[in-house]
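Got your viewer open and a selection tool ready? Let's take a walk through this model, one stop at a time.

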Amino acid sequence: MKFLQKSILLFLLAGTLFSCEKLQDINDNPNNAPVTHPKLLLKDIAWNAFDGQGTGSMFASRVMVSSDGASNEQYYTWDRDNFDRYNQLRNITKMMEEADKQGTPEYTYLAHFFRAYQFYQLTRRFGDIPYSDALKGETDGVYAPKYDEQSKIIPALLDELKAANEGLKSVTYIDGDIIYGGDPVKWRKLINSFRLRILMNLSNKANDATLDIPARFRNIYQNEPLMESIDDAGQLVYLDQKGSRYFEFLGKFGSVGMDSTFVQLLKDRQDPRLFVFCQPNPNAVSAGLPVNDFDAYGGADPTLTFGAISDERNKGYVSMVNPRYFDDPVNEPHKLMGYEELQFILAEATVRGWIEGGDLAKAKAFYNEGIKASFLFYRKYAEKYAAYLGDDAIAEYLNQPMVNFDNATTFDERIRYIITQKYIQFYFQTGWEQFYNHRRTGYPKFLTGGAVGNNGQVPVRWMYPEDEYNTNAANVQDAVARQFNGDDNINGTMWLLK
């Protein structure tokens, strides 16, 4: 009997061990790898950085008006924003960790670019932000990060971009790259062009000997690869499949009309890109005016009340956004930064005497090249309108009185000409760059008054997220006291603007 009991016990024990072993095998999901290859993270990181950012910046930059409801961006009544970009920064940190584990440093180099890009967007939006202490919750238990000063953050971001450029010199291919197909040279061109964008954004710090902006700019321009054509643009090409279509980042917005100040700016310059950007207003269609008749286009005053704008639209005066922006699933790529912008940056740098010895002929060449590149971009991606954007049209446009760079005879006029053309080519591109360039230079003039809030002022920043006051109060309050005398408001002047 004891032998039988012992045998049964051993049998049951063996069965239990076998079952546990089989259960463990079942729980080890072969589709759930214990490590993640950095290339898989790169796809998501790149998509989120390069994808479009909606219509808000177009309202704030006096390009479009909302006729479907009052827009905080249009009426300058925004207040707080969020820190959602830190979610992407966590993914970027993870990519760096996995790259280190798997011996794939090319992803670490790209991570430095994406870190710099995301932190740069955050600091330009708010001012001081968590940087050196950020993203250390998991590794160091830092759940209430201090806020670094913007004056320290931006030079650190330039160092990260320099590290990215230097590291990529030794790389031959980047697997999983949806932007440049794995080409590290094109990444270096984008990274160095982006460095010039940041340095130009510091133009009012040009006399700061510590920052040495002109010398840094000149060194990159003379010694590093930069974008050489529209084909080098840092851009996301959309696909006609769910989750990858152009209009999915915008939504269906057929009720969005054009701002009268933007339309008039293009009409004054006889700019055929107007035909690409919007459609003739209903009154012009009824009158049988052709697409290339500038009288066929109009807009609404952005300072009117929402009701008044709706009335203007109902009367047939307002041109709406070109349907290709919400009907065409691939439409055009969205640029994080384009060759056109780089040319205008180089033109401005020449006028400022940072490069080319202040040679005005060279400044004009950069300026003209930026305009030409913009026409070529739309000729390539808006083929229906290519006939209006040919070489003869470019030459005619460059001789328009309000476009011809020779007619800009003072420093301020030259900057205004450059920034105005830079502003036009930003249409539905590069997120809030239009707005930030206006914030830096004051060009072109944004219409205020009327129903516009904020006492008729164009805001210059966003207030910190409410969550920060709930979870990181001491640090956010210290940052507000340091920058804005304790008043977290949308008109506060951050270091970048002083």
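Start by selecting Asn292 and asking for its surroundings. Which residues is Asn292 in contact with, leaving aside neighbours within four places in sequence? You should find Phe275 and Tyr388. Keep in mind, here and at every later stop, that you're looking at a predicted model.

Now zoom out a little from Asn292. It sits in the loop between helix H12 (residues 282-286) and helix H13 (residues 306-314). Is Asn292 buried, exposed or partly exposed? Its relative accessible area is 39%, so Asn292 counts as partly exposed, a label for values from 20% to 50%. Add Pro280 to your selection: Asn292 and Pro280 are 12 residues apart in sequence, and their C-alpha atoms are 9.0 Å apart in space.

**The whole chain**

Time to reset the view and show everything as a cartoon. How many helices and strands are there in the protein chain? The answer is 21 helices and 4 strands. Along its principal axes, the C-alpha trace spans about 110 × 60 × 50 Å. Switch on a surface if you like: the chain exposes about 21,600 Å², and carbon and sulfur atoms supply 49% of that area. Of the 498 residues, 54% count as buried.

Here's something to keep in mind while you click around. Take the contacts in the chain with a separation of 6 or more: 75% of them are between residues 24 or more positions apart. Several of the next stops are about partners like that.

**Two helices crossing**

Select residues 260-268, which form helix H10, and residues 411-425, which form helix H18. Two packed helices are described by the angle between their axes and the distance between the axes. For H10 and H18, the axes come within 12 Å and cross at roughly 115°. The crossing is left-handed.

Next, show the side chains where the two helices meet. On the H10 side, the contact is made by Phe262, Leu265 and Leu266, and on the H18 side by Thr420, Tyr423 and Ile424. Colour them by class and you'll get 5 nonpolar residues, 1 polar residue and no charged ones.

Go just past H10 and pick Gln270. This residue is in the loop between H10 and helix H11 (residues 273-277). Check its backbone angles: phi of Gln270 is near 50°, a positive value in a residue other than glycine. Gln270 is partly exposed, with a relative accessible area of 36%.

**Pairs of rings**

Now highlight the aromatic side chains. The structure holds 45 aromatic pairs, and we'll visit two of them. A pair of aromatic rings is described by the distance of the centres and the angle of the planes.

Select Trp78 and Trp462 together. Why does this pair count as stacked? The ring centres are 4.6 Å apart and the planes are at just 5°, so the pair is stacked; the cut-off for the angle is under 30 degrees. Trace the backbone from each ring and you'll see that the pair links distant parts of the chain, 384 residues apart. Trp78 is in the loop between strand E1 (64-66) and helix H4 (85-102), while Trp462 is in the loop between helix H19 (433-441) and helix H20 (466-471). Both Trp78 and Trp462 are buried.

For the second pair, select Tyr147 and Tyr464. These rings are edge-to-face, 5.3 Å centre to centre with 90° between the planes. Tyr147 lies in the loop between helix H6 (137-140) and helix H7 (150-168), and Tyr464 in the loop between H19 and H20, 317 residues away. Tyr147 and Tyr464 are both buried too.

**Along the loop between H19 and H20**

Stay in that loop and select Tyr443 and Pro444. The peptide bond from Tyr443 to Pro444 is cis, with omega near -20°.

Move along to Phe446, which lies in the loop between H19 and H20 as well. Phe446 is buried, with a relative accessible area of 4%. Not counting residues up to four places away in sequence, Phe446 touches several residues, including Ala60, Arg62, Tyr76 and His438. Another of its contacts is Tyr423, a residue you met where H10 and H18 meet. Add Tyr75 as well: Phe446 and Tyr75 are 371 residues apart in sequence, yet 12 Å apart in space, C-alpha to C-alpha.

Last stop: Asn455, in the loop between H19 and H20. Is Asn455 buried or exposed? At 76% relative accessibility, Asn455 counts as exposed. Asn455 also has a positive phi of about 55°, although it is not a glycine.

Conventions:
Residues numbered from 1 in each chain as written. Predicted model: local features only at pLDDT ≥ 70, side-chain atom pairs only at ≥ 80, totals over all residues. Heavy atoms only, no water. Axes fitted to C-alpha atoms, helices over the stretch in contact; angles between N-to-C directions. Left-handed = near helix turned anticlockwise from the far one by under 90°. Contact = heavy atoms within 4.5 Å. Nonpolar A, V, L, I, M, F, W, Y, C, P; charged D, E, K, R; others polar. Buried < 20%, exposed > 50% of the residue type's maximum accessible area, 1.4 Å probe, protein only. Areas by Shrake-Rupley, 256 points an atom, 1.4 Å probe, with all protein chains shown as cover. Phe/Tyr/Trp six-rings, centres within 6.5 Å; stacked < 30°, edge-to-face > 60°.
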